[in-house]
Amino acid sequence: MPPVITAFEKSPDRGRGLARDMRVRWALEEVGRPYDVRLVSFTKMKQSEHRARQPFGQIPTYEEDGLTLFESGSIVLHIAESHAGLLPEDAQARARAVTWMFAALNTVEPPIVEWETATYFERERPWYRERLPILEDRIRNRLDVLSARLGDVEWFDGAFSAGDLLMVTVLRRLGSSGILEAHPNLSAYIARGEARPAYQRAFAAQLAVFLAASEGG
Ligand SMILES: N[C@@H](CCC(=O)N[C@@H](CS)C(=O)NCC(=O)O)C(=O)O
């Protein structure tokens, strides 16, 4: 039986592949593992059936052979550990790739999500204009370090790994913000990730869900 993941029935990102099921789809495509998708509405996500899979009432989740996982990083790690292709064989190189997974989710994503949350939900607050540049500076601090570290190599530590997969999905969240413009090597890094055939299959699959939901009204 193929694993089953959950995704938004109608993603608020309008098919831009920013929802976190994209990482899981991409990882599954990279390792050549077919999968099924259970689509959930915002209402269903908060009900007990889904919360049994994801206590916080969010997507994505992953179910396979009686194993249920939540947290996109944990799911990608599970896929990478149980298939060849997303983590190096060498133990030390593998540990470094896992470190980049944590760096993406634990060090780079939080300031980006904080900024996104402000731009979506806090625009009307009296302190919004004052806070926004502070949030942007926190992101820039991270990007400065990432950009210097990446330099002119293709991926963060040797061959493409689950660390790069997560980092690309995290950086994509900055989209058309303009924040990435100061670092052409990071934009090129994202473009390299997006050019991978597995990425493109994953992107097309999540976009098809959004388009089908939009046609349905
Ligand atoms: N840390 C979690 C975050 C999951 C998350 O924030 N999912 C979003 C979609 S990308 C969601 O379900 N949002 C709806 C909500 O929180 O109500 C992960 O990486 O899986």
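1. How many nonpolar, polar and charged residues does the lining of the largest cavity have? The lining has 5 nonpolar, 2 polar and 2 charged residues. Keep in mind that this is a predicted model.

2. Now the cavity itself. The count comes to 1 cavity of 30 Å³ or more. The largest cavity has a volume of about 70 Å³. Its lining is made by Ala7, Phe8, Ser11, Ala19, Asp21, Arg25, Gln206, Val209 and Phe210. Strand 1 (4-8), helix 1 and helix 9 each give two or more residues to that lining. Helix 9 gives the most, with 3 residues.

3. Next, the largest pocket. Its volume is about 920 Å³. It is lined by 34 residues, and the closest to its centre are Ala19, Arg20, Gln58, Ile59 and Arg173. Note Ala19: this residue also lines the largest cavity.

4. Which element supplies the largest share of the lining of the largest pocket? Helix 5 does, with 10 residues. Helix 2 (42-45), helix 4 (72-82) and helix 5 (91-121) each supply at least two residues. By class, the pocket lining has 16 nonpolar, 9 polar and 9 charged residues.

5. Turn to the ligand. The residues around it are Phe8, Ala19, Arg20, Phe42, Met45, Lys46, Gln58, Ile59, Pro60, Glu71 and Ser72. Among the residues closest to the centre of the largest pocket are Ala19, Arg20, Gln58 and Ile59, and these also surround the ligand.

6. Three side chains make polar contacts with oxygen atoms of the ligand. For Ser72, the distance from a side-chain N or O atom to a ligand oxygen is 2.7 Å. For Gln58, the distance is 2.9 Å. A polar side-chain atom of Arg20 lies 3.1 Å from a ligand oxygen.

7. Why is helix 7 described as largely enclosed by the rest of the structure? Helix 7 covers residues 162-172, and 11 of its 11 residues are buried, so the rest of the structure largely encloses it. Charged residues are on the buried list too: it includes Asp164 and Arg172. Leu165, Leu166, Met167 and Val168 are also among the buried residues.

8. What do the buried residues of helix 7 pack against? Their partners are helix 1 (21-30), helix 4, helix 5, helix 6 (128-150), helix 8 (184-195) and helix 9 (197-215). Helix 4 and helix 5 also supply lining residues to the largest pocket.

9. Last, look at the N-terminal end of helix 7. Ser161 caps this end. A side-chain oxygen of Ser161 lies 2.9 Å from the backbone nitrogen of Gly163. Gly163 is itself one of the buried residues of helix 7.

Methods
Residues numbered from 1 in each chain as written. Predicted model: local features only at pLDDT ≥ 70, side-chain atom pairs only at ≥ 80, totals over all residues. Heavy atoms only, no water. 1 Å grid on protein atoms, 1.4 Å probe; cavity = no way out; pocket = protein on both sides within 12 Å on 5 of 7 lines; lining within 4 Å. Points joined across faces, edges and corners; volume = space filled by probe spheres on them. Helix = DSSP H or I, 4+ residues; strand = E, 2+ residues; numbered from the N terminus. Buried < 20%, exposed > 50% of the residue type's maximum accessible area, 1.4 Å probe, protein only. Contact = heavy atoms within 4.5 Å. Polar contact = N/O pair within 3.5 Å; in protein donor to acceptor, adjacent residues only side chain to side chain. Near = heavy atom within 4 Å.
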